[in-house]
Amino acid sequence: MTHNRYRIVSLSTACLGAALLLSSCVFQSTYNNMLQQQQAIEASLHTEISNDQVEIQQLENGIRVRMSSDLLFREGGVDLSPQGQAALNKVVPTLNTGSYVIDIVGSTDNVPIGPGLAERFPTNWELAGARAAVVVRHLQAQGVDPTEMQAISDGEYHPVASNDTAAGRAKNRSVALLLKPRGNGQ
């Protein structure tokens with residue numbers, strides 16, 4: 001009887017070890033794919049990165065591509081600039097791989113909306129959400145599957161820099177593309 005129990009424990013341990021090894025391979029494969037995709041995005045946005053208009057971060061659960069509002073939008077509005085359209089178009093091939101669920105997150109500084117936009121966007125919530133939605137619509141028009149994307153507004157409430165300086169406020173005015181690999185609860 002003891003001999004049989006040893007075999008069962010040994011088989012269970014072997015199965016657990018194989019399962020952990022397999023899951024490690026899957027995680028390693030996901031990581032390697034994310035790294036390749038990040039490198040492709042960095043190569044395609046090299047100029048924008050060099051000009052401090054784009055920041056790319058490898059996260060535990062994906063890749064964040066943060067684009068400045070100065071790059072993406074015409075001054076004081078929500079219409080994409082030609083440079084913004086061009087920058088977004090550079091990442092479309094990566095977004096079209098079907099490997100990711102994509103959150104498009106609009107963010108602002110904490111300065112109240114100016115009179116030119118206040119009637120249309122009473123708060124930074126609405127402005128950030130509208131900018132995220134404009135990016136989603138543009139990416140959809142370029143062939144990115146709309147079922148893979150969602151527009152999110154962070155408004156002024158998740159700053160990445162201090163709003164006490166002009167440079168900090170400029171950094172907070174952005175749209176981030178958060179690419180989350182499929183299979184992470186998606």
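**Entry 1: Asp-52**

I began with Asp-52 and found this residue exposed, at a relative accessible area of 69%. The figure, like every other one in these entries, comes from a predicted model. I placed Asp-52 in the loop that joins α2 (46–50) to β1 (54–59). I then looked up the backbone of Asp-52: phi is near 60 degrees, a positive value in a residue that is not glycine.

**Entry 2: the chain as a whole**

I next turned to the overall layout. How many helices and strands does the secondary structure of the chain come to? I counted seven helices and five strands. Reading along the sequence, I noted the pattern α-α-β-β-α-α-β-α-α-β-α-β.

I looked up how the chain is covered. Of its 186 residues, 38% are buried. The chain exposes about 10500 Å², and carbon and sulfur atoms supply 54% of that area.

I also checked the contacts along the chain. Among contacts with a separation of 6 or more, 67% are accounted for by residues 24 or more positions apart.

**Entry 3: helices α4 and α6**

I examined the pair formed by α4 (residues 82–95) and α6 (residues 124–141). Their axes come within 10 Å and cross at roughly 60 degrees. Angles from 65 to 115 degrees count as roughly perpendicular and those under 35 as roughly parallel; α4 and α6 are therefore oblique to each other. I recorded the crossing of α4 past α6 as right-handed.

Which residues make the contact? On α4 I listed Gln-85, Leu-88, Asn-89, Val-92 and Leu-95. On α6 I listed Val-135, His-138 and Leu-139. I sorted the contact of α4 with α6 by class and obtained five nonpolar, three polar and no charged residues.

**Entry 4: Val-78**

I moved to Val-78, which lies in the loop between α3 (69–72) and α4. Is Val-78 buried or exposed? Buried means under 20% relative accessible area, and Val-78, at 5% relative accessibility, therefore counts as buried.

I looked up the partners of Val-78, leaving aside neighbours within four places in sequence. Val-78 is in contact with Phe-73, Arg-120, Phe-121, Leu-127, Ala-130, Arg-131 and Val-134. I also took a C-alpha to C-alpha distance from Val-78 to Leu-117: the two are 39 residues apart in sequence and 9.6 Å apart in space.

**Entry 5: Ala-130**

I followed the contact with Val-78 to Ala-130, which is found in helix α6. Ala-130 is buried as well, because its relative accessible area is 17% and the cut-off for buried is under 20%. Apart from its neighbours within four places in sequence, Ala-130 is in contact with Val-78 and Phe-121. Phe-121 also appears among the contacts of Val-78. From Ala-130 to Ala-151 I noted 8.6 Å, C-alpha to C-alpha, with their positions 21 residues apart in sequence counted as the separation.

**Entry 6: Trp-125**

I stayed in helix α6 for Trp-125. This residue is partly exposed, with a relative accessible area of 39%. Which residues does Trp-125 contact, leaving aside its neighbours within four places in sequence? I found Ser-153, Asp-154, Gly-155 and Tyr-157. I then compared the positions of Trp-125 and Gly-106, which are 19 residues apart in sequence and 8.7 Å apart in space, C-alpha to C-alpha.

**Entry 7: Gly-98**

I closed with Gly-98, placed in the loop between α4 and β3 (100–107). Gly-98 is partly exposed, at a relative accessible area of 35%. Its contacts, once neighbours within four places in sequence are left aside, are with Glu-148 and Arg-182. Gly-98 and Val-144 are 46 residues apart in sequence, and I noted 8.7 Å between their C-alpha atoms.

Key: Residues are numbered from 1 along each chain as its sequence is written. This is a predicted model: local features need pLDDT of at least 70, side-chain atom pairs count only at pLDDT 80 or more; totals for chains, interfaces and linings use all residues. Side-chain values use heavy atoms; hydrogens and water are left out. Axes are lines fitted to C-alpha atoms, for helices over the stretch in contact, and angles run from 0 to 180 degrees between N-to-C directions. Helices (H or I, at least four residues) and strands (E, at least two) are DSSP runs, numbered from the N terminus. Angles under 35 degrees count as roughly parallel, over 145 as roughly antiparallel, 65 to 115 as roughly perpendicular and the rest as oblique. A crossing is left-handed if the near helix is turned anticlockwise from the far one by less than a right angle, and right-handed if clockwise. Contact means heavy atoms within 4.5 Å. Ala, Val, Leu, Ile, Met, Phe, Trp, Tyr, Cys and Pro count as nonpolar, Asp, Glu, Lys and Arg as charged, and the others, Gly among them, as polar. Buried means under 20% relative accessible area, exposed over 50%, partly exposed in between (1.4 Å probe, protein chains only). Accessible areas come from the Shrake-Rupley method with a 1.4 Å probe; for residues, only the protein chains shown count as cover.
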